[in-house]
Amino acid sequence: MPLLPFTTSNAAGGEEMEKMCGDFNLTRTQRFYGFGICFGAGFLISFLSTFALFAGNVPLFAFFYTLGNVVSLIGTGFLIGFVSQLKKMFDPTRLVATIVFLSTVVLTLVCAFTIGIPILVIILCIAQYLALLWYSLSYIPFARDLVKNMFSGCFRS
């Protein structure tokens with residue numbers, strides 16, 4: 001039976017993926033399930049956090065919204081490997097998006113738990129989402145260029 005590219009075996013691809021993922025013995029299907037579950041759970045956590053916002057509990061909203069984004073980001077580790085994910089986060093093409101995302105995560109939580117200005121927390125959550133989106137687009141060939149061209153076309157006179 002032929003080996004799948006992400007199975008952990010004596011095949012070169014399997015050993016490479018095993019090193020990247022910290023010796024997890026997951027098949028390609030299990031990796032896709034891991035990604036899907038994390039991404040779905042992250043989205044659900046972020047969506048449900050809006051109920052805390054409507055109830056007026058800004059710190060709870062900020063915490064769960066941020067947690068949802070982080071869980072979604074962790075899901076990509078199942079696809080490309082967790083070690084590889086950490087290394088790629090600091091590649092020159094993703095460095096700015098990574099710094100902005102990590103900064104907005106910290107600032108969102110600090111502002112929610114110390115300052116407590118709801119509109120500032122919401123603005124930081126939006127910035128957090130946009131930074132995560134921009135980071136995610138860096139993995140899709142030409143996606144960032146497409147978005148840039150789309151928005152530059154919208155703002156031309």
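Let's start at a helix contact. On the α3 side, the residues are Val58, Phe61, Ala62, Tyr65, Thr66, Asn69 and Leu73. They meet Pro118, Val121, Cys125, Gln128, Tyr129, Leu132 and Tyr135 of α6. By class, that contact holds eleven nonpolar residues, three polar ones and no charged ones. Bear in mind that this is a predicted model.

Now the geometry. Two packed helices are described by the angle between their axes and the distance between the axes. Here α3 covers residues 58-80 and α6 covers residues 118-137. They pack at an angle of about 5°, and their axes are 10 Å apart. Angles under 35 degrees count as roughly parallel, so α3 is roughly parallel to α6.

Next, one residue from that contact: tyrosine 65. Tyrosine 65 is found in helix α3. Is tyrosine 65 buried or exposed? Its relative accessible area is 12%. The cut-off for buried is under 20%, so tyrosine 65 is buried.

What does tyrosine 65 touch, leaving aside its neighbours within four places in sequence? The list is Ser46, Ser49, Cys125, Gln128 and Tyr129. One distance to add: the C-alpha atoms of tyrosine 65 and alanine 52 are 9.8 Å apart. Those two residues are separated by 13 residues along the chain.

Take serine 49 from that list. Serine 49 sits in helix α2. At 3% relative accessibility, serine 49 is buried. Again leaving aside neighbours within four places in sequence, serine 49 is in contact with Phe61, Phe64 and Tyr65.

On to the rings. How many aromatic pairs are there? The count comes to five. I'll show two of them. Phenylalanine 47 with phenylalanine 51 is edge-to-face, with 6.0 Å centre to centre and 85° between the planes. Both lie in helix α2, residues 28-54. They are four residues apart, about one turn of the helix. Phenylalanine 47 has a relative accessible area of 46%, so it counts as partly exposed.

The other pair is phenylalanine 61 with tyrosine 65. That one is tilted: 5.7 Å centre to centre, 35° between the planes. Both residues lie in helix α3, four residues apart, about one turn of the helix. Phenylalanine 61 is buried, and tyrosine 65 is too.

Now the cysteines. A disulfide is a covalent bond between the sulfur atoms of two cysteines. How many disulfides does a search of the whole structure find? Zero. Consider cysteine 125, one of the α6 residues in the helix contact. Why does cysteine 125 have no bond to its closest cysteine sulfur? That sulfur belongs to cysteine 111 and lies 10.0 Å away, too far for a bond. The cut-off is within 2.5 Å. Cysteine 125 is also buried, at 3% relative accessibility. Cysteine 38 is buried as well, with a relative accessible area of 15%.

Last stop, isoleucine 126. Isoleucine 126 lies in helix α6. At 46% relative accessibility, isoleucine 126 counts as partly exposed. Its C-alpha atom is 9.9 Å from that of threonine 108. The two are 18 residues apart along the chain.

To recap. Helices α3 and α6 pack at about 5°. Tyrosine 65 contributes to that contact and also pairs with phenylalanine 61. Across the whole structure, the search finds zero disulfides. Thanks, everyone.

Definitions and conventions:
Residues numbered from 1 in each chain as written. Predicted model: local features only at pLDDT ≥ 70, side-chain atom pairs only at ≥ 80, totals over all residues. Heavy atoms only, no water. Axes fitted to C-alpha atoms, helices over the stretch in contact; angles between N-to-C directions. Helix = DSSP H or I, 4+ residues; strand = E, 2+ residues; numbered from the N terminus. Parallel < 35°, antiparallel > 145°, perpendicular 65-115°, else oblique. Contact = heavy atoms within 4.5 Å. Nonpolar A, V, L, I, M, F, W, Y, C, P; charged D, E, K, R; others polar. Phe/Tyr/Trp six-rings, centres within 6.5 Å; stacked < 30°, edge-to-face > 60°. Buried < 20%, exposed > 50% of the residue type's maximum accessible area, 1.4 Å probe, protein only.
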